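Subject: Structure for your review

Hello,

Here is the structure I said I would pass on. Please load it alongside these notes.

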Amino acid sequence: MLNNKTILVTGGTGSFGKCFTKYVLTHYQPKKIIIYSRDEFKQWLMADEFKEYEDKLRFFIGDVRDLSRLKRACEGVDYIIHAAALKQVPACEYNPNEAIKTNIHGAMNVIDAALDCGVHKVVALSTDKAVNPVNLYGGTKLVSDKLFVAANAYAGTKDINFSIVRYGNVAGSRGSVIRVFDKLIKEGASELPVTDVRMTRFWISLTQGVELVIKALAEAKGGETFISKIPSFKVTDLAEAMLPGCGIKETGIRPGEKLHEIMVTTEDSYTTYEYDKHFIVYPQMVWNNKQQPDLSGHKVEEGFSYSSDNNTEWLSVDAIRELLKDVELEK
């Protein structure tokens, strides 16, 4: 599917972008992967890391806020993976205008560039924080999600569709609690801070996130939100797995933080179908006849929700400890 295709990844020097690039170069024969991002130093580092694939990679300095630059980068592109975003919750709260410019206006620019440049598929990365948002980051990503779903209304006769992939914090990536615990343990800590002992999270690896994006590229007809079925864990169990017998210091939930990660709300249940390894939330409004959903899955019951606290699959301390062996802490 990705063989001989040109793919553009916005925010391509981030955790996801690097993992996606490595995965595609390992499993497919793309014509070209364009890394679109603002930081030339990160691009230089990534170019050095992937120097054996230099004939397949192009590094394009640009900002998703800049529509003309995006359009230039999108010439000849088949697929766009939109991973660029301002993601740090406190930073977004303190700099709301900047978060809106990148996460909302940037999404609009990606959509316009894709429609005008003959792109065939766009997959946008979402987050659990866009579901019932309690902080500005989540609010901007909710708007972004709505924009990408509605973008299918403008496809017309063009061979293009827009879809979304949603997951929460990735194990070991920047912002992961695993990194916080790892740093404290290396500094000799005997107890680990947990904001609330009731807190739960989903466990997903970067590779699983990439594979969900590949699935969306392969299967999306337009407007779907793809969500992996993955195990949950208690944050206190993670602490025990990383530092057996450690003390737990409850520090209090932080502003904008949730006790649990929510992926599917009860309101979504009316259009959500369950498949073997994932859920799909189909759009409530359909704007073109190309949006013919694959309803071979099982429609969830009315009132169904999928969150890290009501999951049917849980990781034990031993299972977490085993998974940690494969976690690479993103620098």
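Below is what was found in it, going from the whole chain to single elements.

Please keep in mind that this is a predicted model.

Overall

The secondary structure comes to ten helices and 16 strands. The C-alpha trace spans about 60 × 50 × 40 Å along its principal axes. A compact globule of 331 residues would have a radius of gyration near 20 Å, and because the protein has 20 Å, the two agree. Of the 331 residues, 51% are buried. The exposed surface of the protein is about 15800 Å², with carbon and sulfur atoms supplying 51% of that area. If you take the contacts between residues at least 6 apart in sequence, 81% of them join residues at least 24 apart.

Strand S1 and its neighbours

Strand S1 covers residues 6–10, and five of its five residues are buried. In a regular strand, side chains alternate between the two faces of the sheet. In S1, Thr-6, Leu-8 and Thr-10 point one way, while Ile-7 and Val-9 point the other way. Residues on both sides are buried.

Which strands pair with S1? One is S2 (residues 32–37), which runs parallel to S1 and is joined to it by five bridges. Another is S4 (residues 79–82), also in the parallel sense, over four bridges. Thr-10 takes part in both pairings: its bridge partner in S2 is Tyr-36, and its bridge partner in S4 is His-82.

The connection from S1 to S2 involves helix H1 (residues 15–27); S1, H1 and S2 together make a right-handed β-α-β unit.

Helix H8

Helix H8 has 14 residues, numbered 206–219. From its first C-alpha to its last it reaches 20 Å, close to the 20 Å expected at 1.5 Å a residue.

Which residues of H8 are buried? They are Leu-206, Gly-209, Val-210, Leu-212, Val-213, Ile-214, Ala-216 and Leu-217. What do these buried residues pack against? Their partners are helix H1 and the strands S4, S5 (121–127), S6 (161–167) and S9 (225–228). Two of these elements appeared above: H1 belongs to the β-α-β unit, and S4 pairs with S1.

Regards

Note on methods. Residues numbered from 1 in each chain as written. Predicted model: local features only at pLDDT ≥ 70, side-chain atom pairs only at ≥ 80, totals over all residues. Heavy atoms only, no water. Buried < 20%, exposed > 50% of the residue type's maximum accessible area, 1.4 Å probe, protein only. Helix = DSSP H or I, 4+ residues; strand = E, 2+ residues; numbered from the N terminus. Pairing = 2+ DSSP bridges. Right-handed = clockwise from strand over helix to strand, strands pointing away. Expected span 1.5 Å × (residues − 1). Contact = heavy atoms within 4.5 Å. Rg over C-alpha atoms; globule rule 2.2 N^0.38 Å. Areas by Shrake-Rupley, 256 points an atom, 1.4 Å probe, with all protein chains shown as cover.
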